[in-house]
Amino acid sequence: MTTQTPPRTRVVIVDDHPMVAEGIEAILETYEDLQVVGRLSNGRELIEQVEALNPDVILLDLNMPEINGLSATEMVLEKRPDTRILVLSMHDSPEYISSAMNHGARGYILKDVPTEEIRLAIDAVMRGETYLCTGATASITPDTADGREPLTSREQTVLLQLASGKSNKEVAAALDISVRTVETHRKNIKRKLGISSTAGLTRYAMEHGVLQGTGVSF
């Protein structure tokens, strides 16, 4: 009687630095139970190909052109809510880590971790757990530590769009929602953050790492 080999875990790597992506792929391909089914360079490619690639786990950089990692995470999970997304980033700020997890990422790994830790993270999220590497665990703080009500993942996405200089109408078009919905989100964001102006929202986004990797500069 032959023993059936369990299916391999399907992994997609999304990073706009080819050497990083190729290095991770080479490491993962040494494990017989893992299969890298795609290596992409930005969030737009991921959104376009995710259903065809059918990944179990996505290793996703946050700092990418076209569609950044936060927006890509939200859009992927709308299409495939069971997909496990592991953020792989160089940024260890608490706000950045919290934002990624609030958008639905199952784990956060800093790019300077030992390569074996990527495998540990994949195993953890495949078991239904969340995974924060040691550096991320040390950095992260609860969203409500300062007494403020936390932003929802959608509010964080709207904040990113507004802080990038888009009008309510442009945000509505980008997120496929109504202008009135954008206005409601904008009002709630300002209330929660205690900010009264668009300039204040932009300043908050800059100070808390929201705009990192988006290509926006001031």
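## Nonpolar cores

The largest nonpolar core of this predicted model has 29 residues, and those with the most contacts inside it are Ile13, Leu28, Leu59, Leu86, Tyr108 and Ile122. A nonpolar core is here a set of buried Ala, Val, Leu, Ile, Met, Phe, Trp, Tyr and Cys residues joined through side-chain atoms within 4.5 Å, where buried means under 20% relative accessible area, exposed over 50% and partly exposed in between, with a 1.4 Å probe and protein chains only. At least two residues of this core come from each of strand S1 (9-14), helix H1 (18-28), strand S2 (34-40), strand S3 (57-60), strand S4 (84-89), helix H4 (94-102), strand S5 (107-110) and helix H5 (115-126), and H5 gives the most, with five residues. Helices (H or I, at least four residues) and strands (E, at least two) are DSSP runs, numbered from the N terminus.

Ile13 is in contact, leaving aside its neighbours within four places in sequence, with Ala21, Ile24, Glu25, Leu28, Val36, Gly38, Arg39, Leu40 and Leu59; contact means heavy atoms within 4.5 Å. A second, separate core of 15 residues includes Ile47, Val50, Ile58 and Ala72.

## Basis of the model

Residues are numbered from 1 along each chain as its sequence is written, and side-chain values use heavy atoms, with hydrogens and water left out. Since this is a predicted model, local features need pLDDT of at least 70 and side-chain atom pairs count only at pLDDT 80 or more, whereas totals for chains, interfaces and linings use all residues.

## Overall content

The protein has 10 helices and six strands, and buried residues make up 47% of its 218 residues. Among contacts between residues at least 6 apart in sequence, 63% join residues at least 24 apart.

## The sheet

The six strands form an open sheet in the order S2-S1-S3-S4-S5-S6, with parallel pairing; two strands pair if DSSP finds at least two bridges between them. S2 and strand S6 (131-132) are the edge strands, each pairing on one side only. S1 and S2 run parallel and are joined by six bridges, with Leu34 in S2 as the bridge partner of Thr9.

S3 and S4 pair in the parallel sense over four bridges, and Leu59 stands opposite Leu86 in S4. Between these strands the chain crosses from S3 through helix H3 (residues 69-79) to S4 in a right-handed β-α-β crossover, a label that applies if, with the strands pointing away from the viewer, the path from the first strand over the helix to the second runs clockwise. S4 and S5 also run parallel and are joined by four bridges; Ser89 stands opposite Leu110 in S5, and the crossover from S4 through H4 to S5 is right-handed.

## Burial in S4 and S5

How many of the six residues of S4 are buried? Six of six are buried, with Arg84, Leu86 and Leu88 pointing one way from the strand and Ile85, Val87 and Ser89 the other way. In S5, both faces are covered, since Gly107 and Ile109 on one side and Tyr108 and Leu110 on the other are all buried.

Tyr108 in S5 is the bridge partner of Val87, and Leu132 in S6 is in turn the bridge partner of Tyr108. S5 and S6 pair in the parallel sense over two bridges, and S5, H5 and S6 make a left-handed β-α-β unit.

## Helix packing

Helix H2 (residues 43-53) and H3 pack at an angle of about 10 degrees, with their axes 10 Å apart. Axes are lines fitted to C-alpha atoms, for helices over the stretch in contact, and angles run from 0 to 180 degrees between N-to-C directions. H2 and H3 are therefore roughly parallel to each other, as angles under 35 degrees count as roughly parallel, over 145 as roughly antiparallel, 65 to 115 as roughly perpendicular and the rest as oblique.

At this interface Gly43, Leu46, Ile47, Val50 and Glu51 in H2 meet Ala72, Met75, Val76 and Lys79 in H3. H2 also lies across S1, S2 and S3, running at about 140 degrees to S2.

## Two buried polar residues

Thr83 is found in the loop between H3 and S4 and, at 2% relative accessibility, counts as buried. Not counting residues up to four places away in sequence, Thr83 touches Pro55, Asp56, Ile58, Val76 and Leu77.

Lys192 lies in helix H9 (residues 179-193) and counts as buried at 9% relative accessibility. Lys192 and Leu151 are 41 residues apart in sequence and 7.2 Å apart in space, C-alpha to C-alpha.
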